[in-house]
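Here is a short walk through one protein structure, with an eye to its rings, its cysteines and its sheet. Have the model open as you read.

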Amino acid sequence: MHVAAGVLVDGAGRVLLAQRPPGKHLAGRWEFPGGKLEAGEDTAAALVRELDEELGIAVDPLSFEPLIRVPWSYGERALCLDAVIVRAWSGVPAALDAAAIDWRDPRDVDPSLLAPADRAILAALRLPEHYPVTPSDVSVERAATLVRAALARGERLMQWRLPSVSLAEARKGAAGLLPELRRFGASLLLNRDIEGARELGLGVHLSAAQLRELDARPLPPSQWVAASCHDADELAMAVRCGCDFATVSPVMPTASHPGAEPLGWPRFAKLAEAAALPVFALGGVGPHEVAEARMHAGQGTAGIRAFWRA
């Protein structure tokens, strides 16, 4: 089943959620409004029709911005959910085919209240386009300086990866950044350190090996969980573990892994389109390749050297 979902965003950055009515599959859960494509329709045409029928509004498909494609399965019921951002419409949205509708700041939405397939849409809305990773050969003090400079210029999602220092030192350094992270509303993910993330209230970035050992999400929904992936099997494991997003690498040749065969953008796109979560391109890419990543179904780009300027 091919389904189109409209992510209506108002001037305050709030999104419109609709509650599924009694008697329907997943009754009571909240979702982004939309519905399945009819014969001969593309995503844009279906969304124009569905938003008229469900909310009583008229939308211009020329204003649509693709957000994410989510393949999902509810038991034997498989669907492909195309989410599109809608910023302009005429009319006042009304609950014509829902138990209720509500405008919410994406940061305040509890993912557990959403239909499972819609949780990846929420994650894509919340995530920025960049995901810098601290250089592996710097001191804790230097890494902290880099993070503070990145916060000042607008970065809001970073990975704290310091393999050359002890776990205790890395945790202490991350703890020292907590006041700045809270002030800027930013997120820091500890590389592989689940216990440290629990202790500090931060996120965690899992390795592919950790994914194989986990059978459930290791942190609550309020803390990001991400994973390093390299193929479709690892991306599927990330979804099963309840990860919010993943990195896929290497997209292009890298000096740090000269022997690794790069995926290239076409193969990256096939992996990203088939993944039921947002995916950042990693390896041989920088902040200026965001548009290329977006063209190939990515959330944005992740990296090390190219992202730090302090």
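Phe245 is buried in this predicted model, because its relative accessible area of 0% falls under the 20% cut-off. Its ring forms an edge-to-face pair with Trp224, at 5.8 Å centre to centre and 80° between the planes. The two residues are 21 apart along the chain: Phe245 belongs to strand β15 (residues 245-248), while Trp224 sits in the loop between α7 (208-213) and β14 (225-229). Trp224 is buried as well, with a relative accessible area of 15%. Ring pairs also bring in other residues, linking Tyr131, Trp224, Phe245 and Phe280 into a cluster.

Searching the whole structure gives 6 aromatic pairs. One of them joins Trp89 and Trp103: the ring centres are 5.9 Å apart and the planes make 15°, under the 30 degrees cut-off, so this pair is stacked. It links strand β8 (residues 89-90), which holds Trp89, to strand β9 (residues 100-104), which holds Trp103, across 14 residues.

Here are the accessibilities of these ring residues and of two cysteines to which we turn next.

| Residue | Relative accessibility | Class |
|---|---|---|
| Trp89 | 24% | partly exposed |
| Trp103 | 22% | partly exposed |
| Trp224 | 15% | buried |
| Phe245 | 0% | buried |
| Cys80 | 21% | partly exposed |
| Cys241 | 2% | buried |

How many disulfides does the structure hold? The count is 0. For Cys80, the nearest cysteine sulfur is that of Cys229, 19 Å away. Why is Cys241 not bonded to Cys243? The sulfur of Cys243 is the closest cysteine sulfur to that of Cys241, but at 5.7 Å it is too far for a bond, because a disulfide needs the two sulfur atoms within 2.5 Å.

Now for the sheet. It is open and consists of 8 strands with parallel pairing, in the order β10-β17-β16-β15-β14-β13-β12-β11. At its edges stand β10 (130-132) and β11 (157-160); each has a single partner strand, so one side of each is left without a neighbour in the sheet. From one strand to the next, the twist averages 25°.

Within this sheet, strand β13 (residues 203-206) pairs with β14 in the parallel sense over 3 bridges. Among the bridge partners is Ala227 in β14, matched with Leu206. Helix α8 (residues 232-240) packs on the sheet, where it touches β14, β15 and β16 (279-282). The direction of α8 makes about 165° with that of β14.

Key: Residues numbered from 1 in each chain as written. Predicted model: local features only at pLDDT ≥ 70, side-chain atom pairs only at ≥ 80, totals over all residues. Heavy atoms only, no water. Phe/Tyr/Trp six-rings, centres within 6.5 Å; stacked < 30°, edge-to-face > 60°. Helix = DSSP H or I, 4+ residues; strand = E, 2+ residues; numbered from the N terminus. Buried < 20%, exposed > 50% of the residue type's maximum accessible area, 1.4 Å probe, protein only. Pairing = 2+ DSSP bridges. Axes fitted to C-alpha atoms, helices over the stretch in contact; angles between N-to-C directions. Contact = heavy atoms within 4.5 Å.
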